[in-house]
Structures are given as structure tokens and as C-alpha cells.
Amino acid sequence: GSDSDGFSLFMSLAALLSILALSVSMVLFAKRKSTLVSENYQVLFRGFKENSIFNKLFFLIYMFRIGIPVLIAVMFEFSPITVAIFQILISVAMLAFILSMKPFVKKINHYQTVLFESIVLVMNCCMFGLALFSRTGQQETPIAVLLGDFVIVGNDIINVMCLVFLVIKL
């Protein structure tokens, strides 16, 4: 109902505003050279190259990458094609950022994130195709079923990939 839609939108906005507030405070704290500040927020900076403010704040940028698609899905609930287009654009932007900026100190983290984002991009393209097929009433066609299978397998691959990289990092 409309109450749950309003609540979902409110919660999505609240989450994004929280991330934004944290980002602003991190930028302000990053300008200080206090050891206490760096110890308190060490998890947000550790593991990222320090050659750019964007690399230093990659964790927060990535939180936006996770939060914005949820907000878009809530805002454009009745337009799956619009949601899929935004998802593809976000995936391409994140891949371009990661490949060009190389924000991670460890190469293994770079490879893991590039692989993850590549799989998500393929899944988002499949979701776009599924949204188009659904709009034209062709969601039962063999190609639509295949696209749906790609999405399911993509989710499984991501889960296995996380375990594999966890074992590698141990």
C-alpha cells in the first residue's frame, strides 16, 4: 500500500542522508591530522590508496553505490525499465571509477571488486532485458527465461565468489 511505499521511501532517504552526513564528517575529519580521529575512523580509510580524496573516501562512495539503487527502486517502483537503466549506469560508473582510480592498496581487493561489479553489470543488463520483455508481454519466451537464469546464476556466483575470496584472504 501507499503507507509501506512512503515508509520505504522515508527509510531509503534516511539511509542516504546518514551516509551523506558520515561522508561530510569524514571529509572534515580527514583534513585534521589528529591520531585520535584516524584511530576512530580507521576502518573507513584502511586499505585504500591515499593519492586522492576519492580513494580515501572509497568506502563511503561505495556505500552510496549500494544505497542509491535502493532509493531509485523505491522511487520508480512502477517503471522497471527506468530502474534497470539507472542500475546499469551506476554499475558502469562504479566499474569505470574502480578501473581508473584503483583505490585499493591490495590487488586482491581490486580484483574482487572488479569481478563483483562486472557480474552485477551483467545481471543488471539481464534485468533490463527482462523488463523490456515484460513490458511487451514476452516474459515467457525462451530468451527471457535464459535471462532470468543468468540473474539467478549471477547471484549464486557472487555468493561463491565471496567465499572463495574470503578463503584466499585468510
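## Exercises on a buried salt bridge and its helices

In this predicted model, the side chains of arginine 65 and glutamate 117 form a salt bridge, with a nitrogen-to-oxygen distance of 2.8 Å.

**Exercise 1.** Determine which helices the salt bridge between arginine 65 and glutamate 117 ties together, and decide whether the two residues are buried or exposed.

*Solution.* Begin with the principle that side chains of opposite charge can pair when their charged atoms come close. The pair of arginine 65 and glutamate 117 is at 2.8 Å, N to O, and the structure holds one salt bridge. Next, place the partners: arginine 65 lies in helix α5 and glutamate 117 in helix α7, so the pair ties together parts that are 52 residues apart in sequence. Finally, consider accessibility, for which buried means under 20% relative accessible area; glutamate 117 has 0% relative accessibility and therefore counts as buried, and arginine 65 is buried as well.

**Exercise 2.** Work out how helices α5 and α6 are oriented to each other, and describe which classes of residue make their contact.

*Solution.* Start from the geometry: helix α5 (residues 58–75) and helix α6 (residues 80–101) pack at an angle of about 170°, and their axes are 9 Å apart. Angles over 145 degrees count as roughly antiparallel, and α5 and α6 are therefore roughly antiparallel to each other. Then turn to the residues in the contact, which include Tyr62, Arg65 and Ile68 of α5 together with Ser91, Met94 and Ile98 of α6. Sorted by class, this contact of α5 with α6 has 13 nonpolar, two polar and one charged residues.

**Exercise 3.** Identify the residues that glutamate 117 and isoleucine 98 touch beyond four places in sequence.

*Solution.* Take glutamate 117 of helix α7 as the starting point; with residues up to four places away in sequence not counted, glutamate 117 touches Tyr62, Arg65, Ser91, Met94, Leu95 and Ile98. Move next to isoleucine 98, which is found in helix α6 and counts as buried at 0% relative accessibility. Leaving aside neighbours within four places, isoleucine 98 is in contact with Phe58, Tyr62, Pro103, His110, Thr113, Val114 and Glu117. As a last step, check a backbone separation: the C-alpha atoms of isoleucine 98 and threonine 113 are 7.9 Å apart, although these residues are 15 residues apart along the chain.

**Exercise 4.** Describe the backbone and the accessibility of lysine 102.

*Solution.* First, locate lysine 102 in the loop between α6 and α7 (107–135). Its phi is positive, about 45°, although lysine 102 is not a glycine. With a relative accessible area of 43%, lysine 102 is partly exposed.

Note on methods:
Residues numbered from 1 in each chain as written. Predicted model: local features only at pLDDT ≥ 70, side-chain atom pairs only at ≥ 80, totals over all residues. Heavy atoms only, no water. Axes fitted to C-alpha atoms, helices over the stretch in contact; angles between N-to-C directions. Helix = DSSP H or I, 4+ residues; strand = E, 2+ residues; numbered from the N terminus. Parallel < 35°, antiparallel > 145°, perpendicular 65-115°, else oblique. Contact = heavy atoms within 4.5 Å. Nonpolar A, V, L, I, M, F, W, Y, C, P; charged D, E, K, R; others polar. Buried < 20%, exposed > 50% of the residue type's maximum accessible area, 1.4 Å probe, protein only. Salt bridge = Lys/Arg side-chain N within 4 Å of Asp/Glu carboxyl O.
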